[in-house]
Amino acid sequence: MHQRLKVPTMALTRVVLTSGRSVDLTGLHLSATYANVLEGYPCKPLNDHAIAGLLRSAERFHPGAPVHLIPPPREYPDQFAGAFGPVEVLPAVTCVGSFRSEALDPGHDRALYRSRLTVVWFQPTSCIPAGYDAETELLDMDWERLAADEEL
């Protein structure tokens, strides 16, 4: 009989959601939100295009995991509007994180199942979320609705 070897999951950090559920951040990609903007200015069409690309990338790099976007806050500084509309600025840092937690279904064997979710969010600094210290929208995620169970 072939047995599975259970390898402990090494997390970068653990985040405690408002619901009380602990989720492990197992992978994180940080980037400057406007690092690839060569010309033009931050505006709604540019931001919407960048967000759509982030979601596609997250789905490609984390196949099978649900992907959730935390809608970013958008600021509208008092600047001249160009051909694509008013200036619209997103927070400085783009984050794509892989999160894991205990299985959602209480009937699943805890040794064989876990839940997972890939999250895309924006934040003003490059700080890694930990414990109760994270963007409010990240802590308020409805894990039970957004995540999915997977068999290890």
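The paragraphs below lead from the confidence of the model to its nonpolar core, then to a buried serine and an exposed loop residue.

This is a predicted model, in which local features need pLDDT of at least 70 and side-chain atom pairs count only at pLDDT 80 or more, while totals for chains, interfaces and linings use all residues. Residues are numbered from 1 along each chain as its sequence is written, and side-chain values use heavy atoms, with hydrogens and water left out. The chain averages a pLDDT (the predictor's confidence in each residue, from 0 to 100) of 90, and 94% of the residues score at least 70. Over residues 1–7, however, the pLDDT is below 50, and this stretch has four contacts (heavy atoms within 4.5 Å) beyond near neighbours in sequence.

The largest nonpolar core, a set of buried Ala, Val, Leu, Ile, Met, Phe, Trp, Tyr and Cys residues joined through side-chain atoms within 4.5 Å, has 17 residues. Phe-99, Val-119 and Trp-143 are among those with the most contacts inside this core. Leaving out residues up to four places away in sequence, Val-119 touches Phe-99, Leu-138 and Met-141, among others.

Ser-115 lies in strand β5, residues 113–123, where strands are DSSP runs of E with at least two residues and helices are runs of H or I with at least four, numbered from the N terminus. Ser-115 has a relative accessible area of 0% and is therefore buried (under 20%, against over 50% for exposed and partly exposed in between, with a 1.4 Å probe and protein chains only). Beyond four places in sequence, its contacts include Phe-99 and Trp-143.

By contrast, Asp-78, in the loop between β3 (67–69) and β4, is exposed, because its relative accessible area is 81%.
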